[in-house]
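Biologist: Got a minute to walk me through this fold? I'd like the packing before anything else.

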Amino acid sequence: MIRLSKSKITEAEKKAVMDVLDKEYLGMGQEVFRFEQKLSEFFGIPALCVANGTAALQLACQAVGIKSGDEVLVPSLTYVASFQAISASGAKPVACDIVEDTLTLDWKDAEKRITKNTKAIMPVHYAGGIGDINGIYKFAKKYGLRVVEDAAHAFGSYHNGVLVGSFGDITCFSFDGIKNITSGEGGCVVTKDNLALDKIRDARLLGVENDTVKRYLSERSWDFDVSNQGWRYHMSNIMAAIGIEQLKKFQEFKDKRQLLARRYDKLLMINKSINCLKHNYDDVVPHIYVVKIKGLKDREKLKKVMLDQGIQTGVHWKPNHLLSMYRSSDVLPLPVTDSIYPTLITLPLHVDMTEKEVDFVCEKLINFVK
Ligand SMILES: *Cc1c(COP(=O)(O)O)cnc(C)c1O
């Protein structure tokens with residue numbers, strides 16, 4: 001079976017976890033502090049670790065002051081995590097349309113959806129590609145919006161020679177098991193905004209003020225105060241120990257993901273019915289490999305035919321404006337999302353996949369569409 005995605009775990013991660021278990025301090029402590037230091041060096045600006053990518057997005061929203069009654073612009077074509085993070089902060093996610101070549105947020109469409117309640121925009125770096133991020137920042141500046149980047153797919157991607165996370169307003173990553181690097185579960189928030197960092201440091205641990213420093217020393221505070229709503233969203237030492245090892249291997253992971261994606265592009269682009277995303281894989285570290293299949297009528301059949309030949313495929317994702325929780329009569333039409341969604345299919349991509357397996361997947365896909 002060629003799996004759609006999987007983690008890549010070696011003896012190094014297993015040993016790192018065993019070392020934490022041996023120390024018998026499992027919660028947030030020195031390993032988390034070390035992982036944050038490594039991440040901060042990687043991005044060149046401060047990083048804070050949290051329980052998962054969704055928590056990172058929710059805490060980022062809260063930290064930039066998003067609250068009940070506010071609206072946040074977000075592409076409908078994203079994992080429900082982006083929408084749930086916004087609604088968890090009390091705000092309303094406003095579904096926006098996407099541009100066709102990268103399936104990332106279309107700020108020109110978002111502009112039509114601005115109201116007096118709009119406080120922020122959450123671009124999603126779909127499949128690891130960044131889209132027109134400069135346009136989005138200009139747009140945000142024009143309307144005085146905060147930008148919370150959902151970079152769950154884009155760990156290590158560059159945009160015009162600049163590392164994603166290093167230049168933005170506030171950027172969130174996921175270290176879920178199948179993302180570009182993993183810490184089991186986990187995530188981080190990266191920002192230069194010191195006020196936001198202070199808020200997140202407390203909010204991730206039930207709002208207990210200044211507890212972080214104590215925890216990094218494997219201690220905790222007893223005489224504390226709480227003034228804000230917090231959550232139990234911190235990272236554990238077990239997770240951080242995995243993350244530290246994964247970060248060491250990132251260059252290897254990146255090279256392999258880019259190699260496989262380039263090979264997919266090369267083999268599929270010549271087919272007139274198959275459209276690949278427009279990515280430069282010198283910059284983009286692909287988390288998933290998605291194609292659009294012109295005129296695809298029956299995706300379920302295609303998925304079954306592929307599975308029968310030992311190939312797992314996926315769909316990223318059912319647009320959020322079609323979900324019961326976010327469906328609403330006041331959603332303006334989303335023509336690009338609605339027309340592209342039925343044509344999307346995600347092909348296998350992970351670090352243990354071989355080029356031969358890419359060839360096999362392409363051969364079977366081309367057989368189906370021709
Ligand atoms: C994975 C993912 C998240 C959330 O990350 P978790 O660590 O799973 O909570 C958010 N947005 C997108 C686009 C994702 O793919």
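Modeller: We can go through the cores, the aromatic rings, one loop residue and a sheet.

Modeller: One caution: this is a predicted model.

Biologist: Fine. How many residues are in the largest nonpolar core?

Modeller: The largest nonpolar core has 62 residues. Those with the most contacts inside it are Phe35, Leu39, Phe155, Phe173 and Phe175.

Biologist: Which helix gives the most to this core?

Modeller: Helix 3, residues 53-63. Seven residues of the core come from helix 3.

Biologist: Is there a second core, and which residues does it include?

Modeller: A separate core of 25 residues exists, and Tyr264, Ile274, Cys276 and Leu347 are among them.

Biologist: Back to Phe173. What is Phe173 in contact with, leaving aside neighbours within four places in sequence?

Modeller: The contacts include Phe43, Ala56, Phe155, Val164, Cys188 and Val190. Gly53, Gly165 and Gly187 also touch Phe173.

Biologist: Which residues form the aromatic cluster with Phe173?

Modeller: Phe35, Phe42, Phe43, Phe155, Phe175 and Phe250 join Phe173 in one aromatic cluster.

Biologist: How many aromatic pairs does the count come to?

Modeller: The count is 18 aromatic pairs. One of them is Tyr79 with Trp317, which is stacked at 6.0 Å centre to centre, with 25° between the planes.

Biologist: Where do Tyr79 and Trp317 sit in the chain?

Modeller: In distant parts, 238 residues apart. Tyr79 is in the loop between strand 2 (71-75) and helix 4 (80-88). Trp317 is in the loop between helix 11 (299-308) and helix 12 (335-340).

Biologist: Buried or exposed, that Trp317?

Modeller: Trp317 is buried, because its relative accessible area of 12% is under the 20% cut-off. Tyr79 is partly exposed, with a relative accessible area of 46%.

Biologist: Give me another stacked pair.

Modeller: Tyr264 and Tyr289 are stacked, 4.4 Å centre to centre with 15° between the planes. Tyr264 lies in helix 10 (residues 250-268) and Tyr289 in strand 11 (residues 289-293), so the pair ties together parts 25 residues apart in sequence. Both Tyr264 and Tyr289 are buried.

Biologist: Which charged residue lies over the face of Tyr341?

Modeller: Arg299 does, at 4.7 Å from the ring centre.

Biologist: New topic. Where is Asp283?

Modeller: Asp283 is in the loop between strand 10 (274-276) and strand 11. Asp283 is partly exposed, at 22% relative accessible area.

Biologist: What does Asp283 contact away from its neighbours within four places in sequence?

Modeller: Gly156, Ser157, Tyr158, Asn160 and Gln258. Also, the C-alpha atoms of Asp283 and His159 are 6.4 Å apart, while 124 residues separate the two in sequence.

Biologist: Now the sheet. In what order do its three strands run?

Modeller: The order is 10-11-12, in an open sheet with antiparallel pairing. Strand 10 and strand 12 (344-347) stand at the edges with a single partner each, so one side of each has no neighbour in the sheet. Neighbouring strands are turned by 35° against each other on average, direction ignored.

Biologist: How many bridges join strand 10 and strand 11?

Modeller: Three bridges, in the antiparallel sense. Asn275 has Lys292 of strand 11 as its bridge partner.

Biologist: Which helix lies across those strands?

Modeller: Helix 10 lies across strand 10, strand 11 and strand 12. Helix 10 runs at about 15° to strand 11.

Note on methods:
Residues numbered from 1 in each chain as written. Predicted model: local features only at pLDDT ≥ 70, side-chain atom pairs only at ≥ 80, totals over all residues. Heavy atoms only, no water. Core = buried A, V, L, I, M, F, W, Y, C linked by side-chain atoms within 4.5 Å. Buried < 20%, exposed > 50% of the residue type's maximum accessible area, 1.4 Å probe, protein only. Helix = DSSP H or I, 4+ residues; strand = E, 2+ residues; numbered from the N terminus. Contact = heavy atoms within 4.5 Å. Phe/Tyr/Trp six-rings, centres within 6.5 Å; stacked < 30°, edge-to-face > 60°. Lys NZ or Arg CZ within 6 Å of the ring centre and 35° of its normal. Pairing = 2+ DSSP bridges. Axes fitted to C-alpha atoms, helices over the stretch in contact; angles between N-to-C directions.
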